[in-house]
Amino acid sequence: MFKIVHAQFIAPGIKRFIIEAPRIARKQRPGQFVIVRIVDHGERIPLTIEKSNPQKGTVNIVVQSIGKTTHLLNSLDTGDSILDMVGPLGKPSQIANFGTVVAIGGGVGTAMAYPTALALKRAGNRVISIIGGRSKDLVILEKEMREVSDAVLVTTDDGSYADQGLVTDKLRQLIDSGTTINLVLAVGPIPMMRAVAEVTRRQNIRTIVSLNPIMIDGTGMCGGCRVLIDGRSEFACVDGPEFEAHRIDFDILVQRNAMYREAERRSLEDYRSEPEAKKAGTKFDDAVGCTAEVK
Amino acid sequence: MPATPTKSKNPLPNRDRLKIPRQHMPERPAGERAHQFTEVNLGYSADLARQEALRCIECAKPTCTEGCPVGVKVKEFIQLIVDGDYLGAAAKIREDNVLPAITGRVCPQEDHCEGDCLLKKKGESMGIGYLERFVADYEQEHFDAKNIIKATPTGKKVAIVGSGPSGLTAAGDLVQKGHQVHVFEALHEIGGVLVYGIPEFRLPKQIIRDQVDYMRAMGVEFETDVVVGRTVTIDELMEEEGFDAVFIGTGAGLPQFMGIPGEHLNGVYSANEFLTRINLMHAYEFPRYDEPIVDFRGKDVAVIGGGNTALDAIRSALRLGARKAYVLYRRSEAEMPARIEEVQHAKEEGIEFHVLTAPIEFLSDGKGWLHAARCQKMALGEPDASGRRRPVPITGSEYDLPLSVAVIAIGTSANPIVQSTTPGLNTNKKGYIEADPTTQKTSRSGVFAGGDIVTGSATVILAMGAGRRAAEAIHEYLTTSQW
């Protein structure tokens, strides 16, 4: 059992948990993730690690209510426990002094971009961050990103905060203004990462994205998380989760992620019709999508 | 060393023993079981077990024991069954095999003890697996933790990485020698491939839980949710957590794919993923359990491969409601690596075997889902490196087989996590850990390895044999400090 030391909504439908997990806290590096199983009949899902505190033995995860399991998790509170949490999984981000790095976070993806941006800053890079959300409430970790970035550009889809537009608009503006960019890191919804890859492909800028495909064990056994990289199967849990964006077959990724859409919808509906789901009730109860650039 | 002579209480002269036919394993009717995940075999009654045990001709030099990868004293435990001392028989097996209820169900006995049984030359071999299962189940029903005698503690600590058959065997042997044994498991349940790979209808999960509980009672400690290499490294275990030796039994790795067009279509599974969803995650009980699986009802499904994993997968697909269930295997039935009993059971349940057949492309329905497999017929040519006759494609033999789901069960490759995070641990060119075949010693002092992470995909009992050899060598290393 993994105890929740602290839980708090940081945006509508997005909750930060501080969880007691000393082994994971000690080993976690930027770019890695955990897999959790909340209850006995539950599924295993991969989740973003925002940061960890090795001294206190705690790990922060940031969770957006999307399907049944994330809704269930976000109904838990300080003092509750999670049945299983395993990690840190995946390869850590490559940290080096590349020069100028643009770190892009879309919605809850910002929580995954943050630790890598921090490490890249410490490695001597000039870090320009672009963070976006569908609306003001869904721009998360702005303060934290400002602390680790030389500049932070913010967008909202609806213009309710900062500049109206998409993160890719800001990226294009940076490129058009003649800024030399050595590396782009983008974490967010697939359509956003794909759009970023299209922008940087033309400029031949090295671009890393963090993928979150369907995954079960997360330890290099089941092969469910296979992604097509340069026409070859690679596995997000052991070869990723970060990949060179220009080599990814995004069509296959999107197609495979939709494989269980009907079952996922049914699970969520069933969950919402259960009376105990009401205990999840907070002003941030409703599921919300995160920013997505859909062409 | 000659086996301890035991006086037989078998009242029958050999010629009468030879007249008794091999006792059939009672099983659920094929028509009924093909739609359920409940266990197929029902187990011997005491009468059946006695009748089968009476067949043993008690060879002076038991070839069955020689054929067993863990050296179970078959003749002696069968004699104890004849005596009616079932707990004694179980204890006799446990001297060499800490997982009798599991091997009694899943071991390919025809390749080991039963394959080497002298009775086979005269007709049918002894039902050694069935008898092993009988005494193990009897022991479980009459289990009392108080009867477990614990060895004097040696003060030495051993870490076991992975709780599959090799790890559990090493753990059981080492704890009986008085060492403190701590097993790390990456998943949330103990048992490794026994839990995620082998379906309920062949090995009920409760059997594994019972055997693990027995090991807990023996003093073995278990810790789930630890991926050694990621959560903690081998070096940290030895330098910071005080382990004197480590056994790596991390098992089969990532599934292999065929590299043919269409393999990424929805509806194409690896056997590992498909079986993990069903066995570990209970997807066949969706929505009571949250893990989903493709809806198989009324669909045509094929597995590609001819091993036990392939048969486990296709028989699971049938139980999920598949309309047609095919095995596509590129060689002939004679080369199929699966247990004979599983092939028979699968046929009885209505699974169609398309041998000398291999898919060369998966075809899409235009919406990203599998629609059919383009198959090619094969002929057998000269033997290849594996000693089996090589399948050679027959040109012009292509045909399309309509399919909604395909499960690829053609083997696995090495899981890289431990190797890539343990400096100085030598691997072969395929990425498997190099270990001495008799001591299971690796290139790192104090570190041993065995099972699929050393040999590549093999069987439960071969992994257990490796765990047993490793335990022997670990014990010697811990008592002599000589590497």
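**A:Pro88 sits in strand β7 of chain A.** Helices (H or I, at least four residues) and strands (E, at least two) are DSSP runs here, numbered from the N terminus. The link between A:Gly87 and A:Pro88 is a cis peptide bond, with omega at about -5 degrees. Most peptide bonds are trans, and most residues other than glycine have a negative phi. This is a predicted model, so a local feature needs pLDDT of at least 70 and side-chain atom pairs count only at pLDDT 80 or more, while totals for chains, interfaces and linings use all residues. As for the bookkeeping, residues are numbered from 1 along each chain as its sequence is written, chains are lettered from A and ligands numbered from 1 in the order in which they are written, and side-chain values use heavy atoms, with hydrogens and water left out.

**B:Phe286 and B:Pro287 are joined by a cis peptide bond too.** Omega for this pair is about 5 degrees. Look for B:Pro287 in the loop that runs between α14 and β6 (300-304) of chain B.

**Here is where chain A and chain B come together.** Contact (heavy atoms within 4.5 Å) involves 47 residues of chain A and 49 of chain B. The two chains bury about 4,100 Å² between them, and 54% of that is on carbon and sulfur atoms. On the chain A side, A:Arg23, A:His41 and A:Met221 lose the most area to chain B, together 18% of what that side buries. Buried area is the accessible area (1.4 Å probe) lost when two parts are put together, summed over both.

**Zoom in on the polar side of the interface and you find A:Arg26 paired with B:Glu236.** Their side chains form a salt bridge at 3.9 Å, N to O. The count between the two chains is six such bridges, each a side-chain nitrogen of Lys or Arg within 4 Å of a carboxyl oxygen of Asp or Glu. There are also 25 residue pairs in polar contact across the interface, both residues at pLDDT 80 or more. Elements giving two or more residues to the chain A side include α1 (22-27), β7 (84-89) and α8 (261-273). β7(A) gives the most, with six residues. By class, that side has 19 nonpolar, 13 polar and 15 charged residues. In this scheme Ala, Val, Leu, Ile, Met, Phe, Trp, Tyr, Cys and Pro are nonpolar, Asp, Glu, Lys and Arg are charged, and the others, Gly among them, are polar.

**Helix α7(A) has a cap at its N-terminal end.** The cap is A:Asp249, which puts a side-chain oxygen 3.2 Å from the backbone nitrogen of A:Asp251. A polar contact is a pair of N or O atoms within 3.5 Å; within protein, one must be able to donate a hydrogen and the other to accept it, and residues adjacent in sequence count only if both atoms are side-chain atoms. The buried residues of this helix are A:Phe250, A:Ile252, A:Leu253, A:Gln255 and A:Arg256. Buried means under 20% relative accessible area, exposed over 50% and partly exposed in between (1.4 Å probe, protein chains only). Their cover includes α6 (190-203) and β14 of chain A, along with β5 (268-270) and α14 (271-280) of chain B.

**B:Cys64 and B:Cys117 stay unbonded.** The structure holds zero disulfides over all chains, a disulfide being a pair of cysteine sulfur atoms within 2.5 Å. For B:Cys64, the closest cysteine sulfur is in B:Cys59, 6.6 Å away and so too far for a bond. For B:Cys117 the closest one belongs to B:Cys64, again too far at 6.6 Å. B:Cys64 is buried at a relative accessible area of 10%, and B:Cys117 is buried at 9%.

**B:Thr422 is tucked into the loop between α17 and β14 of chain B.** Its relative accessible area is 3%, so B:Thr422 counts as buried. The side chain of B:Thr422 reaches the backbone oxygen of B:Val418 at 2.7 Å. Beyond neighbours within four places in sequence, B:Thr422 is in contact with B:Ile234 and B:Arg444. B:Gln440 is found in the loop between α17 (417-420) and β14 (447-449) of chain B. Phi of B:Gln440 is near 60 degrees, a positive value in a residue other than glycine, and B:Gln440 is buried, with a relative accessible area of 4%.

**B:Leu356 has a positive phi.** The angle is near 50 degrees, and B:Leu356 lies in the loop between β8 (352-355) and β9 (357-364) of chain B. B:Leu356 is partly exposed, at a relative accessible area of 21%.
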